Amino acid sequence: MDIVIYGLINSVALALTALGFALVYGISRVPNFAHGALYVVCGFITWIFLRRLELPYPLCIALAIIITAIIGGLIYQFVLIRIRGMSISEIIASYAIGLAILEGFRWGGFKGMTYTLPVFVEGSVTIFDIPVDWHRILVVLIGAAVVGGLWLFTHYTRIGLALRGMAQDERAALMLGIDSDVMAVVAMAFGSALAGLAALLLLPLGNIVVETGYNVLLLAIAVCIVGGLGSWVGAVLASFLIGFAQILTTVYWGTHFQMVVALLAIILTLIIRPSGLFGRQKELEERV
Amino acid sequence: MKAWSKLVVILAAVVLVVGVSATARAADPIVIGAPLSTGFLYGWDAEKAIKLAVEEINAAGGVDVGGEKRPFTVEVIDTRDLEPGVPVSEALLAVEKLILEKEADFLVGGPVRSEAALAAMPLVSKYKKVSIVTTGVLTPKFHAMVAENYDKYKYSFRIHGEAKQLVTEIVTQLMDIKEQFKLDKIFIMAQDVAHARGAGEILKKVIEPKGWNVTGFEVFPTGTGDFSMGLIKAKKTEAQVLSIWMDMPESSILLKQWFDMKIPALPFGSTLAAAEQPGFWEATEGKGEYCMANVVNAGNAPSDATEWTMKFYNAYEKKWGIAPEGLGSSSSYMAVYVLKDAIERAGTLDSDKVVAELEKTDVMGVYGRLRFDPKSHQVIPSLDPEKGAVGSIFQWQNKQRVVVFPKSIAKGELKLPPWMK
């Protein structure tokens with residue numbers, strides 16, 4: 001039962017971590033390698049508001065997500081837009097920005113384990129003799145709500161439909177009056193906000209350290225490659241695949257190999273099915 | 001007359017130049033190179049302690065080198081050796097840069113990670129620089145290398161406790177726990193680094209014949225952010241003590257999860273960087289209460305091991321606004337004093353002569369009587385501060401780090417968390 005419970009929690013955490021990356025790539029085709037840095041940025045902003053300015057926690061969360069979204073939008077508007085379509089340059093530029101942000105925090109003295117955020121709900125509950133803390137249960141519920149909300153947003157709102165239109169066929173979307181640059185900025189801001197939301201849900205379980213940014217980026221890339229770059233559904237399914245594989249590895253093989261699972265998943269996917277589980281467009285291109 | 005006056009002016013100029021250069025030479029500082037992983041606790045705590053000692057020594061007039069008072073100066077380079085994925089070569093470059101570019105006369109501090117410190121030993125020998133490691137490096141191989149090949153590695157010293165000594169202290173404490181609380185099942189959780197895996201293995205070998213049942217041995221990669229499955233394993237095996245060997249900052253997550261999941265096992269950390277820091281209580285919102293940590297030497301947590309212990313503790317807190325933070329604090333501080341003492345006795349900065357004097361070191365320091373084994377250059381440990389370098393194990397109790405081991409310096413009694421009673 002512990003495999004089911006913690007597999008589910010781990011999978012939802014992975015999905016939350018990767019959704020922002022998948023969204024940005026799905027719409028603007030920009031691989032946002034600053035994703036992990038934005039995750040950490042949101043954590044530190046919240047920490048500063050909460051611990052230094054002593055603002056109410058919900059207000060800190062709202063402000064941090066908004067600021068992270070604005071930072072993401074600005075990164076696209078002032079840097080990535082100029083190199084759009086040049087994949088290698090996009091990767092190098094976004095990774096460099098992420099690196100500068102993360103190492104900037106380290107240089108600024110944000111190091112050590114003293115940067116923490118409080119959990120939303122204290123205490124734990126025992127399910128089938130397995131102890132689970134309430135915050136983790138909340139992560140699963142909010143994660144499910146985010147995935148559902150994202151589906152509703154992209155299917156029933158004008159901006160959501162415009163984003164999907166962009167993702168499906170940018171030229172057709174342009175002909176229908178959708179400004180692709182504006183939508184790409186919106187997508188980047190939205191993806192950054194999702195990274196921030198994931199951070200605020202997951203960081204209270206641990207602490208805010210610079211290294212998390214690199215790990216989050218690696219996991220997000222693994223999930224998106226396995227799920228198929230650009231596919232949100234694929235990203236969610238891949239999260240469950242990798243999430244449960246990690247827990248099974250931990251139980252039957254050893255925690256030591258947990259990180260290997262994500263890296264192995266990338267390698268196997270690239271060998272067996274380079275387009276990933278749901279990367280249909282890429283698959284067609286490969287066939288041609 | 002004109003020629004005479006010219007001669008006088010020239011002579012005065014010569015006297016002035018010679019005088020000025022002599023003064024400058026008198027003020028020439030002794031450069032201490034500190035290769036430290038400054039982004040991590042075991043790097044920055046050592047840096048702060050070294051700078052504190054240097055400041056104190058300089059304020060008292062400096063170092064008497066053959067009748068000439070010279071100040072210490074510190075050059076720090078970040079070795080990054082505690083960062084995951086950074087190759088050992090980075091630390092070696094830092095050491096070489098300190099020697100060649102910064103012209104360090106002596107090395108004090110790191111490299112911090114055992115692997116990097118071992119790799120730096122031949123480099124230190126090549127340049128004949130006296131190096132005193134003061135933080136992190138726990139592998140017994142360090143002093144074994146000196147003992148096996150003295151002529152080559154005689155420039156390397158270690159002034160803090162090493163893994164075998166740590167295990168000895170931990171085993172002694174575990175036997176006390178067994179007797180006092182009737183606990184005999186232990187689960188070992190180690191970070192995937194040489195010293196932690198090695199020490200965990202040694203502990204397993206040593207305690208099993210002493211009646212302890214090792215219910216599991218789990219290795220966690222550096223950077224792990226979720227320990228729930230490991231904790232569930234520990235709970236399933238009915239472990240009563242968690243032996244934790246981790247120096248990564250994420251280890252505080254382990255303690256938070258341990259509290260949230262109410263795992264009925266006493267956490268006992270060694271090189272548990274997160275729990276060593278005074279900010280641990282705040283960082284875990286008190287969830288780390290009852291966590292024990294071995295801080296290698298006294299003085300890294302408040303105690304009255306010697307008259308100097310609290311003087312150092314308070315001076316550190318006064319200068320840096322925070323109490324000594326990790327296992328590298330008191331040893332890094334003492335290394336500078338021990339070096340000063342050896343230089344003064346040698347009367348020169350010559351490495352071979354300073355090595356000979358360091359081998360004769362016998363001072364009552366912050367964590368007891370400090371002497372080096374003349375063959376291995378390892379500081380001689382003891383459970384009694386009157387006899388040797390004494391260790392320190394504390395437990396978090398009501399926002400305080402209360403030293404519970406060794407008995408000779410203990411400030412309180414060990415307690416079990418309420419859900420274990």
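The following questions and answers concern a predicted model of a complex.

Visitor: What average pLDDT does chain B have?
Guide: In this predicted model, 94% of the residues of chain B score at least 70. Residues 17-25 of chain B, however, have a pLDDT below 50, and beyond near neighbours in sequence this stretch has 1 contact in the model. Over chain B, the average pLDDT is 87.

Visitor: What ipTM does the predictor give the complex?
Guide: The predictor gives two values for the complex. The pTM is 0.76, and the ipTM is 0.71.

Visitor: Which helix gives the largest share of the largest nonpolar core?
Guide: Nonpolar side chains tend to be buried together in soluble globular proteins. The largest nonpolar core here has 225 residues, and those with the most contacts inside it include Tyr6(A), Phe72(B) and Leu174(B). The largest share of this core, 15 residues, comes from residues 2-28 of chain A, namely helix α1.

Visitor: Which residues does Leu174(B) touch, not counting residues up to four places away in sequence?
Guide: Leu174(B) is among the residues with the most contacts inside the largest nonpolar core. With residues up to four places away in sequence left out, Leu174(B) touches Ile186(B), Leu203(B), Ile207(B), Trp212(B), Val241(B) and Phe268(B).

Visitor: Which are the edge strands of the open sheet of 7 strands in chain B?
Guide: The strand order of this open sheet is β9-β8-β10-β11-β12-β17-β18, with mixed pairing. An edge strand pairs on one side only. In chain B this applies to β9 (213-220) and β18 (400-405).

Visitor: In which sense do strands β11 and β12 of chain B pair?
Guide: Strand β11 covers residues 266-270 and strand β12 covers residues 292-294 of chain B, and 3 bridges join them. Gly269(B) stands opposite Ala293(B) in β12(B). The sense of the pairing is parallel.

Visitor: What angle does the direction of helix α9 of chain B make with that of β8(B)?
Guide: Helix α9 (residues 228-236) of chain B packs on the sheet. This helix touches β8 (185-191), β9 and β10 (241-245) of chain B. Its direction makes an angle with that of β8(B) of about 160°.

Visitor: Is Lys287(B), which meets Glu122(A) in a salt bridge, buried or exposed?
Guide: The side chains of Lys287(B) and Glu122(A) meet at 3.3 Å, N to O, and the pair crosses between chains. Glu122(A) has a relative accessible area of 45%, so it is partly exposed. Buried means under 20% relative accessible area. Lys287(B) has 2% relative accessibility and therefore counts as buried.

Visitor: How many residues apart in sequence are the parts that Lys48(B) and Glu325(B) tie together?
Guide: The closest N and O atoms of this salt bridge are 3.2 Å apart, and both residues are buried. Lys48(B) lies in helix α2 (residues 41-59) of chain B, whereas Glu325(B) lies in the loop between α13 (307-320) and α14 (329-346). The pair therefore ties together parts whose separation in sequence is 277 residues.

Visitor: Which residues do salt bridges that share partners join into one network with Asp341(B)?
Guide: Arg345(B) forms a salt bridge with Asp341(B), with the closest N and O atoms 3.0 Å apart. Both lie in helix α14 of chain B, 4 residues apart, about one turn of the helix. Through salt bridges that share partners, Asp341(B) is joined into one network with Arg345(B), Glu357(B) and Lys360(B).

Methods
Residues numbered from 1 in each chain as written. Chains lettered and ligands numbered in written order. Predicted model: local features only at pLDDT ≥ 70, side-chain atom pairs only at ≥ 80, totals over all residues. Heavy atoms only, no water. pLDDT = per-residue confidence, 0-100. Contact = heavy atoms within 4.5 Å. Core = buried A, V, L, I, M, F, W, Y, C linked by side-chain atoms within 4.5 Å. Buried < 20%, exposed > 50% of the residue type's maximum accessible area, 1.4 Å probe, protein only. Helix = DSSP H or I, 4+ residues; strand = E, 2+ residues; numbered from the N terminus. Pairing = 2+ DSSP bridges. Axes fitted to C-alpha atoms, helices over the stretch in contact; angles between N-to-C directions. Salt bridge = Lys/Arg side-chain N within 4 Å of Asp/Glu carboxyl O.
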